[in-house]
Amino acid sequence: MLIESQELMQANGRIDLTDNDWKKFRAEEDEYANIRDYIMARAEDAGIDPKNQLRLELGVEEVVINVMHYAYEDGGDLYVRTSIDDGKFTIELVDHGIPFNPLEKHDERAVDTSDIEDRKLGGFGIEFMRKKFSKVEYSDEPFMGKRANRLSMTFEPKG
Amino acid sequence: MSATVEFKEIEKGAWLVLQAIGRIDTTTAKSAETAGLAALAKTTKLALDMSKLEYISSAGLRVLLRLGKTSKRGKKMFVLCGVAGMVKEILEDSGTDTLFQIYGSYNELQ
């Protein structure tokens with residue numbers, strides 16, 4: 001039986017119920033399409049146009065996949081909340097995994113100008129996250145009573 | 001929105017054109033790589049037509065790099081065509097555009 005995350009959190013009682021639009025997912029790669037579809041549907045509802053939706057999706061994919069790779073060793077939950085304010089679309093991601101601030105991750109890609117034989121296959125993700133969102137904030141604070149990683153990313157549609 | 005990728009093979013002179021239709025992201029990168037490597041095994045001149053590709057992420061760029069590296073090792077040619085829109089934006093943002101020969105359309109291939 002599928003239990004809505006909001007009901008779970010209400011039962012848990014630690015979340016402000018006036019601010020309870022959190023949706024719970026598994027932080028595993030096979031869940032990625034569900035998370036993307038959820039966020040992109042909210043973006044469409046928020047009036048983000050198709051071209052900007054693709055830009056937003058890129059930022060979303062890079063961040064969500066990053067969290068999935070680093071947060072948990074044995075799986076865990078990823079909470080998602082979106083909001084729109086004055087045309088700016090904000091996505092918050094919370095996990096209870098190992099403390100990890102992706103903003104501090106060294107980005108090798110930015111300085112990798114080697115030719116194709118030596119070009120690394122990884123490392124694009126953080127760079128795209130920085131490029132696609134106008135604001136990215138990380139905080140380390142309790143969520144549902146447990147220490148958590150919280151990422152907040154704001155997307156501003158471009159003309 | 002269809003979250004898949006499909007491939008169509010087109011013969012253009014000495015070139016095999018692999019047309020990618022849809023999206024290459026985390027969920028479809030593996031099948032894209034399989035299709036790309038299979039096409040590369042059949043030819044010495046492979047062109048990836050991206051004109052019908054709506055979306056590509058870093059998972060897709062890794063596929064392009066892998067195809068590029070594999071073709072170089074095999075002394076084959078691998079080029080891109082029809083790079084536009086969001087796909088063009090991400091290739092430029094990542095500097096990946098400088099690694100490949102890029103044609104406007106596969107009709108320009110000689």
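The following conversation concerns the interface, pocket and cavities of a predicted two-chain model.

Visitor: Before we start, what are the ground rules here?
Guide: This is a predicted model in which local features need pLDDT of at least 70 and side-chain atom pairs count only at pLDDT 80 or more, while totals for chains, interfaces and linings use all residues. Residues are numbered from 1 along each chain as its sequence is written, chains are lettered from A and ligands numbered from 1 in the order in which they are written, and side-chain values use heavy atoms, with hydrogens and water left out.

Visitor: How many residues does each chain bring to the contact?
Guide: Chain B contributes 29 residues and chain A contributes 26 residues, contact meaning heavy atoms within 4.5 Å.

Visitor: And how much area is buried between them?
Guide: About 2,300 Å², with carbon and sulfur atoms giving 60% of that; buried area is the accessible area (1.4 Å probe) that the two parts lose on being put together, summed over both. On the chain B side, B:T26, B:K69 and B:D93 lose the most area to chain A, together 22% of what that side buries.

Visitor: How many salt bridges cross the interface?
Guide: The rule finds 5 between chain B and chain A, a salt bridge being a side-chain nitrogen of Lys or Arg within 4 Å of a carboxyl oxygen of Asp or Glu. B:D93 takes part in a salt bridge with A:K132, where the closest N and O atoms are 3.4 Å apart.

Visitor: Which elements of chain B supply at least two residues to the side that touches chain A?
Guide: They are β3 (45-56), α2 (58-73) and α3 (85-94); helices (H or I, at least four residues) and strands (E, at least two) are DSSP runs, numbered from the N terminus. The largest share, 9 residues, comes from α2(B). By class, this side of chain B has 11 nonpolar, 9 polar and 9 charged residues, where Ala, Val, Leu, Ile, Met, Phe, Trp, Tyr, Cys and Pro count as nonpolar, Asp, Glu, Lys and Arg as charged, and the others, Gly among them, as polar.

Visitor: Changing topic: what lines the largest pocket?
Guide: Its lining has 23 residues, and A:I65, A:H69, B:S58, B:A59 and B:R62 lie nearest its centre. On a 1 Å grid over the protein atoms alone, a pocket is an open set of points with protein on both sides within 12 Å along at least five of seven lines, a cavity is a set where a 1.4 Å probe fits but cannot get out, and lining residues have an atom within 4 Å of a point.

Visitor: How much space is in that pocket, and which helix gives the most to its lining?
Guide: The largest pocket holds about 490 Å³, a volume being the space filled by probe spheres set on grid points, which are joined across faces, edges and corners. α3(A) gives the most to the lining, with 6 residues.

Visitor: How many cavities are there?
Guide: The count is 2 cavities of 30 Å³ or more. The largest has a volume of about 60 Å³, and its lining includes A:V67, A:F100 and A:Y138.

Visitor: What about the second largest cavity?
Guide: Its volume is about 50 Å³, and B:F7, B:L18 and B:I24 are among the residues that line it. The lining has 8 nonpolar, 2 polar and no charged residues, and α2(B) provides the largest share, 4 residues.
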